[in-house]
Protein chains: 2
Amino acid sequence: MLPVAIDMMGGDNAPSAVIEGAKRAIDELHAPLILVGTQEVVGPLAKEGFEVVVASEVIEMHDDPASSVRNKRDSSLVRCAELVKTGMASGMISAGNTGAAMASALLKIGRLPKVARPAIATVIPVPGSTPTVVIDSGANSEVMAPWLVQFAQMGTVYSRELLGIEKPRVGILSIGEERGKGNQLVKEAFPLLEVANSINFIGNVEGRDVMSENVDVIVCDGFVGNVVLKTLEGSMKTLAKAIFGALGSGEDGSKILDLALPKLFPILDQLDPDTHGGAMLLGVNGICIISHGSSSPKAIYNAIVTSMRLAEHDLAAKLAKSVLL
Amino acid sequence: MLPVAIDMMGGDNAPSAVIEGAKRAIDELHAPLILVGTQEVVGPLAKEGFEVVVASEVIEMHDDPASSVRNKRDSSLVRCAELVKTGMASGMISAGNTGAAMASALLKIGRLPKVARPAIATVIPVPGSTPTVVIDSGANSEVMAPWLVQFAQMGTVYSRELLGIEKPRVGILSIGEERGKGNQLVKEAFPLLEVANSINFIGNVEGRDVMSENVDVIVCDGFVGNVVLKTLEGSMKTLAKAIFGALGSGEDGSKILDLALPKLFPILDQLDPDTHGGAMLLGVNGICIISHGSSSPKAIYNAIVTSMRLAEHDLAAKLAKSVLL
């Protein structure tokens, strides 16, 4: 099995969180990894016997994506993408600059044949049900209707291969369930989705369906998708804080918390964005996982698990085949 | 004080929920109301001494908005709008067909001077902080950049008059905090908002800020706004169900629920969409509250409270003045 290239320099907690997550994956899963970073970071790891690639530069969080990928050719991020491009690695994982990770994947790894625009797929956990995949959740802030068909096809393959949903129900995000409701993009894309191959299109879905059991894959433009994702992130945080604050208030607060916490932890764990290790850029010729900037060791570990699973399932080939149909 | 016209026929629970909410407002607040509905519904209310207007038709939930407003001229909804138009009422409230309520307000009441497009403002409760107003949350699925400036001006007046926030912070919903991030609409609107009168513009905000203390008024197109609103609605429901299910599970479940529920009720109450009684169509020459289809008597009561408060504050005049600046 081909190794996965890990950008050791990316993320708010890099390199320590990345090192910890990578070491855990190697220990527990014998994960084949290439650790890519500066001499200072990966030198000691090489001495410990890990496979490393030394890069002399680092793309910082605030760097401009396109120009940093062009100018910092010996950065850890660009080196990761090149390892995928040259067939040395099945995929890459970075918790660094999201835009630069996308740009390096696009420019260095390249698109799959026929894919107009790669898109970011994000897995939304749904308590009590299977997760929902939202695609595009941030790569393309303006999209054309035919691209949404490809997003639907790629999201279907992703839902099937990652989550095991055999025939994922695909909905297009709109403002009203009835056919004909929505903005111009939705109205144009709807009839294309109806006749598209290799998807199970169920029509319009609404915001309230994102975290429900009603749909498996939701297609939308990357602006709306990103807003949805961050709205969920923010509201869950605010609500969790309010609930724990309320339960813990008053004289009996600590007693109630002691009783309630063990019951609530599984829900929090399910909602934890670290569970799936990050968002996936679908449509490039390899696996590209873009983890949250604040990724913990657990998030990195889970990203590695996900990338190994998808490499085993030969995700890129299946995506290419689905979009060709 | 001018009365408020209430559509007695609108909503899933009409007329009983509307009657109950209206009677409570009359009892408790001596609210001046005109109850508008069919003879069958308002006849008995007239005998009880309430002020009524009889309408012979009803616009149903599934009716086409524009054509039903044109064709059902003697419907309760159209009669409500006419009462506002002719100065007999300060505002109207309906929990019926949202599109038809908007259409009747637009066609019958008419726009305020200089307002390009009326927009729906919705109050998002934020546990632990003041609520956030999202405008447009559904009236215009495609918008032009200058309209967003008017949405910002109207949202500012609404936040101030309804919620008492003296100098509301206005953000434009985008995907990234930095200037320059976003789609074409955001990029065009940003510089217009920077130089606009009578608003306190703080720049881009993200989905995670909707339910936070970071911003008071969020402007966006009605497609994105509606998706955000319904995403929150759905996720809160799913999460609340999961939390109560988890707390109540196991042998000690009922004991834990007994202890936890009194602590959690205030949060649920704050999050209850019925608390503010509905969304407000801003930019028409009067008050127009569009309540949720599933409105309870409490929602109707709160809508009446809101409409009275805004009428006292002379909302329409203040909106007109703000947009003129």
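**Group meeting: a two-chain predicted model**

I'll start in chain B, where strand β1, residues 4-7, runs parallel to strand β2, residues 33-37, with 4 bridges joining them. Within that pair, B:Asp7 has B:Val36 of β2 opposite. Before going further, please keep in mind that this is a predicted model.

Staying with β1 of chain B for a moment, the loop that connects β1 to α1, residues 16-29, contains B:Pro15. What is the relative accessible area of B:Pro15? The value is 28%, so B:Pro15 counts as partly exposed. Leaving aside residues up to four places away in sequence, B:Pro15 touches B:Met8 and B:Val41. On C-alpha atoms, B:Pro15 is separated by 9.5 Å from B:Val42, a residue 27 positions apart from B:Pro15 along the chain.

Now the sheet that β1 and β2 belong to. In chain B, 11 strands make an open sheet with mixed pairing, and the order is β3-β2-β1-β4-β11-β10-β5-β6-β9-β7-β8. At the edges of the chain B sheet stand β3, residues 52-54, and β8, residues 200-205; each has a single partner strand, so one side of each is left without a neighbour in the sheet. Ignoring direction, neighbouring strands of this sheet are turned by 25° against each other on average.

Next, how the two chains relate. Chain A superposes on chain B by a rotation of 180°, with 0.0 Å of shift along the axis and an RMSD of 0.0 Å. That is the relation of a two-fold axis. As for the contact between the copies, 100% of the interface residues of chain A are interface residues in chain B as well, so the copies meet through the same surface.

From here I'll use chain A. Its secondary structure comes to 11 helices and 11 strands. The radius of gyration of chain A is 20 Å, close to the 20 Å from the globule rule for 325 residues, so chain A is as compact as a globular protein of that length. Along the principal axes, the C-alpha atoms of chain A fill a box of roughly 65 × 60 × 35 Å. Of its 325 residues, 60% count as buried. The accessible surface of chain A is about 12700 Å², and carbon and sulfur atoms hold 53% of that. Turning to contacts in chain A with a separation of 6 or more, 70% are between residues 24 or more positions apart.

The sheet of chain A is open, has 11 strands with mixed pairing, and reads β3-β2-β1-β4-β11-β10-β5-β6-β9-β7-β8. Its edge strands are β3 and β8, residues 200-205, each pairing on one side only. From one strand to the next, the twist averages 25°.

Let me take β11 of chain A, residues 287-290, in detail. Which strand pairs with β11 in the parallel sense? That is β4, residues 91-94, over 4 bridges. Here A:Ser94 stands opposite A:Ile290. Strand β10, residues 279-282, pairs with β11 in the antiparallel sense over 2 bridges, and A:Ala279 is opposite A:Ile290. The hairpin of β10 and β11 has 4 residues between the strands, and in it A:Gly283 takes a positive phi near 115°.

Then the side chains of that strand. In a regular strand, side chains alternate between the two faces of the sheet. In β11 of chain A, A:Ile287 and A:Ile289 lie on one side and A:Cys288 and A:Ile290 on the other; all of these are buried, so both faces of the strand are covered.

One further strand pair in chain A: β5, residues 119-124, and β6, residues 132-135, run antiparallel and are joined by 4 bridges. In that pair, A:Val123 stands opposite A:Val133.

Last, a helix. How many of the 10 residues of helix α4 of chain A, residues 76-85, are buried? The count is 7, so α4 is largely enclosed by the rest of the structure. Those buried in α4 are A:Ser76, A:Leu77, A:Val78, A:Cys80, A:Ala81, A:Leu83 and A:Val84. What do the buried residues of α4 pack against? Among their partners in chain A are the strands β1 (4-7), β2 (33-37), β3 (52-54) and β4. The helices α3 (65-71) and α5 (98-109) of chain A are also packed against by these residues. After α4 comes A:Gly87, with a positive phi near 80°.

Definitions and conventions
Residues are numbered from 1 along each chain as its sequence is written. Chains are lettered from A and ligands numbered from 1 in the order in which they are written. Side-chain values use heavy atoms; hydrogens and water are left out. Buried means under 20% relative accessible area, exposed over 50%, partly exposed in between (1.4 Å probe, protein chains only). Two strands pair if DSSP finds at least two bridges between them. Copies are superposed by least squares on the C-alpha atoms of residues with pLDDT of at least 70 in both. Contact means heavy atoms within 4.5 Å. The radius of gyration is taken over C-alpha atoms; the globule rule is 2.2 Å times the number of residues to the power 0.38. Accessible areas come from the Shrake-Rupley method with a 1.4 Å probe; for residues, only the protein chains shown count as cover. Axes are lines fitted to C-alpha atoms, for helices over the stretch in contact, and angles run from 0 to 180 degrees between N-to-C directions.
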